[in-house]
Amino acid sequence: MWVSAILAAGGRGGRMGAAVPKQMLMIAGRPILQRSFDTLASLDRVSEIIVALPGELAADPPSFLATNARVKVVDGGATRHASVAKAFALLDGRRTERVLIHDAARPLATAGLFERMIDASRKTSDAIAAMRAVDTVKQGGAAASDSQFPVIDRTLPRESIYLAQTPQIFSYDHLARAIALGRKSPEATDEATLVEQAGFPVSLVEGEPNNIKITTEQDLRVAETLLSKNGAVATHPVSLPRIGVGYDLHRLEKGRRLLLGGVEIPHPTGPIGHSDADVLCHALTDAILGAAALGDIGRHFPDTDSRWKDADSLRLLSSAAGIVRAAGFVIVNLDAVVIAELPRLSPHIDNIRLTLARALGVDVGVVSIKGKTNEGVDALGRNEAIAVHAVALLTAAPERPSA
Ligand code: MG
């Protein structure tokens, strides 16, 4: 049985309020998307995996996707259904018998659950993972006129109530019908709803209590707690440090301001650039983002975007620190070499370190800046340009105390 998988990760994660896409937020040292993907990729019975990502991630997919031959990446649509439809369009209907669909936002689903879904679909063709309701279920109606609290319309028989999860699995032909139907009812929150509407019976397979959907910051904490209880954290090298490198060079011109690490240094020439051309801030920003494998300064603050024209590079550096923090990292230390024939930097070094430390929200003791000349060699030595090499070391943020 040829099984193709669709990993739906196209959502924007608006409820999380983080600077990075929700899919790339860390749970115990690994992004949500990678956890979901790794489980799916561990299944020999899945022949190909189509991953629907938001535009910016699809344009520059994380390396764990880009290096897997079984994987295709697709730019997802505006809705979940549109994303699944675009991924489905890449499947070969003459070959694919079953399509397994999973939400990347459920990174705790186990390989065992996926296996059970594939087994079930040999007999029933269409099935979803679901949990029996344990709480008594009430249907709420309108609020009484003098209160904001909805009033119970009726109590539903709990024995027949199931809460839907993913993975969900369908025959290729049934899903094709459902996707055609979904163009007319885009409000459906899962594919099973559409397969039901298309008239095919969908079976319920017992899901997993830990298979929670991550939509809020609180869910992230719950997921980390569940992982640590299962011992998954202990076996994953979460505490391994991450290193990043950054480099930048700007040409010097008469009459421009020379800003280094947010500090203005009196000098007859200064660097040319779209922003304030703070070459030290630029190299450090790339080092920090690089250590987290979250792209570079050009991806987060493109110079084609008028918002960043004359941008305060110290503020961009500060934003980059916020981005890696949101992804679960802390900055351990930074080190940079500024290569400039002139001016002499030593009188300014401490001021630069303090300014950078404040912008980054770190102790000044972890920020090191060194000046170097190029011994008169090349453009740097002829004072035509200024260059910076920087490194940053990050580590996973210590586990938050569980609620
Ligand atoms: Mg630059």
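Here are three short exercises, with worked solutions, on this predicted model.

**Exercise 1.** In what order do the 5 strands of the open sheet stand, and which strands are at the edges?

Solution. Let's start with the order, which is 15-12-18-16-17, with mixed pairing. Next, look at the ends: strand 15 (269-271) and strand 17 each have a single partner strand, so one side of each has no neighbour in the sheet. Neighbouring strands are turned by 25° against each other on average, direction ignored. Finally, zoom in on one pair: strand 16 and strand 17 are parallel over 6 bridges, and A336 stands opposite I369 in strand 17.

**Exercise 2.** Which helix gives the most residues to the largest nonpolar core, and which strands of the sheet does that helix touch?

Solution. Begin with the core itself: it has 61 residues, of which L260, L280, L356 and I369 touch the most other members. Helix 10 (279-291) is among the elements that supply at least two residues, and with 9 residues helix 10 gives the most. Now turn to the sheet: helix 10 packs on it, touching strand 12, strand 16, strand 17 and strand 18. For a close-up, take L280, whose contacts beyond four places in sequence include L260, A336, L356 and I369.

**Exercise 3.** Which residues coordinate the magnesium ion, and how are they spaced in sequence?

Solution. First list the donors: D248 (OD), H250 (NE2) and H282 (ND1), at 2.1 to 2.3 Å. Their spacing reads D-x1-H-x31-H. Then place the two histidines: H250 lies in strand 12 (residues 242-254) and H282 in helix 10, 32 residues apart. Lastly, check accessibility: H250 and H282 are both buried.

Conventions
Residues numbered from 1 in each chain as written. Predicted model: local features only at pLDDT ≥ 70, side-chain atom pairs only at ≥ 80, totals over all residues. Heavy atoms only, no water. Core = buried A, V, L, I, M, F, W, Y, C linked by side-chain atoms within 4.5 Å. Buried < 20%, exposed > 50% of the residue type's maximum accessible area, 1.4 Å probe, protein only. Helix = DSSP H or I, 4+ residues; strand = E, 2+ residues; numbered from the N terminus. Contact = heavy atoms within 4.5 Å. Donors = N, O, S within 2.8 Å, 3.2 Å for Na, K, Ca; no water. Pairing = 2+ DSSP bridges. Axes fitted to C-alpha atoms, helices over the stretch in contact; angles between N-to-C directions.
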